[in-house]
Amino acid sequence: MRLTLPALISHGRVARRIGLGPQSRINMLRNILTGLVRHERIETTAARADEVRFYAEKLVDYAKQGDTDEKAMKMATFWLTEKDLVPKLFKVLAARFETQSSGYTRTARLPNRPNLDRAPMAVIEYRGNPFPPLQPVRRENQLTLLNQLLKGYRQETEASARPA
C-alpha cells in the first residue's frame, strides 16, 4: 500500500471507505471472504483485496482453534454468508495452515480495469491452493553481471587451489 498524505492523516478514521457506509462495507467484506473461501482465489480491486486480507487471515486463525471453540464458530458463521463453507474452513483450510502462524494469503497486482474507472485490480488467494501459480518460478540467469563475477571468482579460487 502506497502511503499518501491523506492516508497518513486519518482524523479518527480507522478503515478505508469501501461501499456506501459501514454496513455496506461489512457486507462487501463478507461477500468477498465467502468467495475467497469457496474458490480460494478471487479477482477484485486492489483496495478491497488489501482490506480483506486481514480478515481472511484472522478467519483462518480462528478456524485453527477448532470447530468446538464457540468464538471461532461464531466468527465463521458471521463472516461466511454461505453456511456450507464453514466445514471447509475448519477441515480444509485450518488443516492446510496448521504449521504456519501467519501468511496464509497472497496478493498479486493485475493491470487496471479497462472500463472508465481504470481501478487497479488484484488477485487474492490462499496459499497452497490447487490452481497454477500466478507468477512463474524464476530461474537463475547465468548471464547477469553478479553471476559472471561469481563464476570468475570460483574459477580463480579453483585454479589457485590446484597444485601447479
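## A sheet with an enclosed middle strand

Strand β3 (residues 121–126) is largely enclosed by the rest of the structure, because 6 of its 6 residues are buried. Buried here means under 20% relative accessible area, with exposed set at over 50% and partly exposed in between (1.4 Å probe, protein chains only). Helices (H or I, at least four residues) and strands (E, at least two) are DSSP runs, numbered from the N terminus.

Before going further, some bookkeeping. This is a predicted model, where local features need pLDDT of at least 70, side-chain atom pairs count only at pLDDT 80 or more, and totals for chains, interfaces and linings use all residues. Residues are numbered from 1 along each chain as its sequence is written, and side-chain values use heavy atoms, with hydrogens and water left out.

**The sheet**

Back to β3: Met 121, Val 123 and Glu 125 point one way from the strand, while Ala 122, Ile 124 and Tyr 126 point the other way, and all are buried. That fits a general pattern: in a regular strand the side chains alternate between the two faces of the sheet.

What order do the strands of the open sheet take? There are 3 of them, arranged β1-β3-β2 with antiparallel pairing. The edge strands, β1 and β2, each pair on one side only. From one strand to the next, the twist averages 25°. Helix α2 packs on this sheet and touches β1 and β3, its direction making about 150° with that of β1. Two strands count as paired if DSSP finds at least two bridges between them; contact, or touching, means heavy atoms within 4.5 Å. For angles, axes are lines fitted to C-alpha atoms (for helices, over the stretch in contact), and values run from 0 to 180 degrees between N-to-C directions.

Strand β1 (residues 41–45) runs antiparallel to β3 over 5 bridges, and strand β2 (residues 105–110) is joined to β3 by 6 bridges, also antiparallel. Some of the residue pairs across these strands are listed here.

| Residue | Partner in β3 |
|---|---|
| Arg 41 | Glu 125 |
| Glu 43 | Val 123 |
| Thr 107 | Ile 124 |

The loop between β2 and β3 holds Ala 119, which is buried at a relative accessible area of 12%. Leaving aside residues up to four places away in sequence, Ala 119 touches Thr 45, Asn 112 and Arg 113. Its C-alpha atom is separated by 9.6 Å from that of Thr 44, although the two residues are 75 apart along the chain.

**The core and the helices**

Now for the greasy part. The largest nonpolar core has 29 residues, and those with the most contacts inside it are Val 37, Leu 59, Leu 80, Leu 89 and Tyr 126. Such a core is a set of buried Ala, Val, Leu, Ile, Met, Phe, Trp, Tyr and Cys residues joined through side-chain atoms within 4.5 Å. At least two of its residues come from each of α2, α3, α4, α5 and β3, and α3 gives the largest share, 8 residues. Tyr 126, at the end of β3's range (residues 121–126), touches a long list of residues beyond four places away in sequence, including Leu 36, Val 37, Ala 56, Val 60, Leu 93 and Phe 97.

Helix α5 (residues 86–96) has Val 86, Leu 89, Phe 90, Leu 93 and Ala 94 buried. These cover an arc of only 125° around the axis, so they sit on the same side of α5; the arc is that of the directions from the helix axis to the C-beta atoms. Among the elements covering them are α2 (22–39), α3, α4 (70–79) and β3.

How do α3 and α4 meet? Their axes come within 9 Å and cross at roughly 145°. On the residue level, Tyr 55, Leu 59 and Tyr 62 in α3 meet Lys 71, Ala 72, Met 75, Ala 76 and Trp 79 in α4.

**Two buried polar residues**

Glu 51 lies in helix α3 (residues 46–63) and is buried, with a relative accessible area of 13%. Beyond four places in sequence, Glu 51 touches Ala 15, Arg 16, Ile 18, Arg 25 and Leu 29.

Asn 147 belongs to helix α6 (residues 145–161) and counts as buried at 14% relative accessibility. With residues up to four places away left out, Asn 147 touches Glu 140, Asn 141 and Gln 142.
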